[in-house]
Amino acid sequence: RALAAFAPDVAVAHNVMDAGIVEALRAAPRLAYHVHDHRAFCPNGDRVFPRRGRICTLPLGRQCAVHSLTDGCAYGPRRRTLTLIRRRERLRDAIAAADTAIVASRYVAEQATHNAIPARHVTVIPLPLPDEAYVDRVSMPPPRAVIFAGRVVPQKGLGSLVRAVARIEPTRRPVVRAFGDGPALDQARHDAMRLGVSLDAPGAAPPEQIRRAIDDGALVALPSLWAEPFGYVGIEAFARGRPVVAFDVGGVRAWLEDGANGIAVPAGDEAALADALDALLHNDARRVKLAHRARADAERFRAAPLTEELLRAYRG
């Protein structure tokens with residue numbers, strides 16, 4: 001009824017999880033569906049096997065029911081797991097019927113096509129940064145702090161970052177400043193105290209405060225243990241002229257070029273993460289070089305040109 005009353009030129013859905021709504025929007029002259037994360041194609045929502053902590057590479061379907069038994073996926077071996085899988089399959093089919101599915105990285109594009117979304121309907125448009133996210137010039141502070149920003153859940157890896165920093169010689173260890181809140185924050189604080197890592201974790205903060213912290217930090221760490229659909233904090237760091245050290249997962253390579261604007265290390269390898277952090281923090285020349293390239297690469301994510309790309313995708 002709302003669609004009929006408003007008569008839009010195009011209907012746009014952002015991560016709408018109700019297949020019935022998406023099916024109703026199909027009545028618009030054109031339908032664009034934004035896939036922002038893994039929920040459309042994964043009953044868990046994070047594409048991680050709960051018991052093993054490994055990233056799943058399987059498409060949505062019968063395998064999800066099998067892994068509810070072997071890995072505790074969804075609600076485990078319960079009837080409501082099958083109901084959830086059927087609902088996600090219906091949502092997947094509704095997305096496949098859209099005129100375009102818009103994703104932020106080639107990794108998510110691959111996941112979409114792996115889940116029966118026609119490749120010709122998938123449009124890759126990176127996430128945009130507002131103009132106020134950018135600094136005019138790169139200024140490098142002493143290598144005293146590593147910045148983490150994000151929801152503090154196990155998948156985001158703050159615990160891995162704390163353990164990695166604990167591997168660094170005590171006299172060379174940086175301070176970790178972590179911005180964000182979540183159920184894994186207390187454990188991270190406890191681990192930092194036990195391991196002798198200086199962790200400043202004030203909780204959630206507005207964008208302006210996080211930008212100031214990035215400016216005062218040496219680099220940004222992205223130690224995600226799940227397959228990041230994009231990793232927005234990475235381009236936020238670039239816009240402030242800071243390199244990123246990240247686990248090589250998911251869509252991180254949409255913006256991170258290893259050795260050019262940051263460092264990518266094998267997923268979950270805390271020893272490699274420690275080595276990369278320590279080496280970059282104590283090599284000013286390399287850090288400055290990566291920082292300048294990062295700031296230059298951030299220009300690709302300006303809001304204005306990406307808005308034009310979105311409008312073209314909406315118009316078809």
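A crossing of two helices is called right-handed if the near helix is turned clockwise from the far one by less than a right angle, and left-handed if anticlockwise. That convention is required at the first stop of this tour, which proceeds through a predicted model.

**First stop: helices α6 and α10**

Select residues 158-166, which form helix α6, together with residues 270-281, which form helix α10. Two packed helices are described by the angle between their axes and the distance between the axes. Here the angle is about 65° and the axes lie 8 Å apart. By the convention given above, α6 and α10 cross in a right-handed sense.

Next, display the side chains at the contact. Helix α6 contributes S160, L161, R163, A164 and V165, while α10 contributes E270, L273, A274 and L277. By residue class, this contact comprises 6 nonpolar, 1 polar and 2 charged residues.

Remain on α10 and select D278, which belongs to this helix. Is D278 buried or exposed? D278 has a relative accessible area of 18% and is therefore classed as buried, the cut-off being under 20%. Beyond its neighbours within four places in sequence, the contacts of D278 are I168 and R172.

**Second stop: the nonpolar cores**

In soluble globular proteins, nonpolar side chains tend to be buried together. The largest nonpolar core of this model contains 69 residues. Select L158, L161, W255 and L277, the residues with the most contacts inside that core. Helix α10 supplies the largest share of the core, 7 residues.

Centre the view on W255 and show its surroundings. With neighbours within four places in sequence left aside, W255 is in contact with L222, F230, G231, G234, I235, F238, V244, N261, R300 and F301.

A second core, separate from the one just described, has 24 residues. To locate this second core, select V22, A98, V108 and V122, which are included in it.

**Third stop: S224 and F247**

Select S224, in the loop between β8 (219-222) and α9 (232-239). The relative accessible area of S224 is 1%, so this loop residue counts as buried. What does S224 touch, apart from residues up to four places away in sequence? Its partners are Q155, K156, F247 and V249. Add G157 to the selection: the C-alpha atoms of S224 and G157 are separated by 4.8 Å, although the two residues stand 67 residues apart along the chain.

From S224, pass to its contact partner F247. F247 is located in strand β9, residues 244-247. With a relative accessible area of 0%, F247 is buried. P223 should be selected with F247, as 5.3 Å separates their C-alpha atoms and 24 residues separate them along the chain.

**Fourth stop: the cysteines**

Select C42, C56 and C64. How many disulfides does the structure hold? The number is 0. The sulfur of C56 has its closest cysteine sulfur in C42, at 6.4 Å, and this distance is too far for a bond because a disulfide requires sulfur atoms within 2.5 Å. C64 is likewise in no disulfide, the nearest cysteine sulfur being that of C56, 6.6 Å away. C56 counts as buried, at 13% relative accessibility. C64 also counts as buried, with a value of 13%.

**Fifth stop: M17**

Select M17, in the loop between β1 and α2 (19-25). M17 is partly exposed, its relative accessible area being 24%. Leaving aside neighbours within four places in sequence, M17 is in contact with Y33, R39, A40, R88 and L91. For a view across the model, select R211 as well: M17 and R211 are 194 residues apart in sequence, and their C-alpha atoms are 32 Å apart in space.

**Last stop: two alanines with positive phi**

Select A7, in the loop between α1 (2-6) and β1 (11-14). Phi of A7 is near 50°, a positive value in a residue other than glycine. A7 is exposed, with 55% relative accessible area.

Finally, select A116, in the loop between α5 (106-114) and β4 (122-124). Where A116 is concerned, phi is near 70°, again a positive value in a residue other than glycine. Is A116 buried or exposed? A116 is exposed, with a relative accessible area of 53%.

Terms used. Residues are numbered from 1 along each chain as its sequence is written. This is a predicted model: local features need pLDDT of at least 70, side-chain atom pairs count only at pLDDT 80 or more; totals for chains, interfaces and linings use all residues. Side-chain values use heavy atoms; hydrogens and water are left out. Buried means under 20% relative accessible area, exposed over 50%, partly exposed in between (1.4 Å probe, protein chains only). Axes are lines fitted to C-alpha atoms, for helices over the stretch in contact, and angles run from 0 to 180 degrees between N-to-C directions. Helices (H or I, at least four residues) and strands (E, at least two) are DSSP runs, numbered from the N terminus. Contact means heavy atoms within 4.5 Å. Ala, Val, Leu, Ile, Met, Phe, Trp, Tyr, Cys and Pro count as nonpolar, Asp, Glu, Lys and Arg as charged, and the others, Gly among them, as polar. A nonpolar core is a set of buried Ala, Val, Leu, Ile, Met, Phe, Trp, Tyr and Cys residues joined through side-chain atoms within 4.5 Å.
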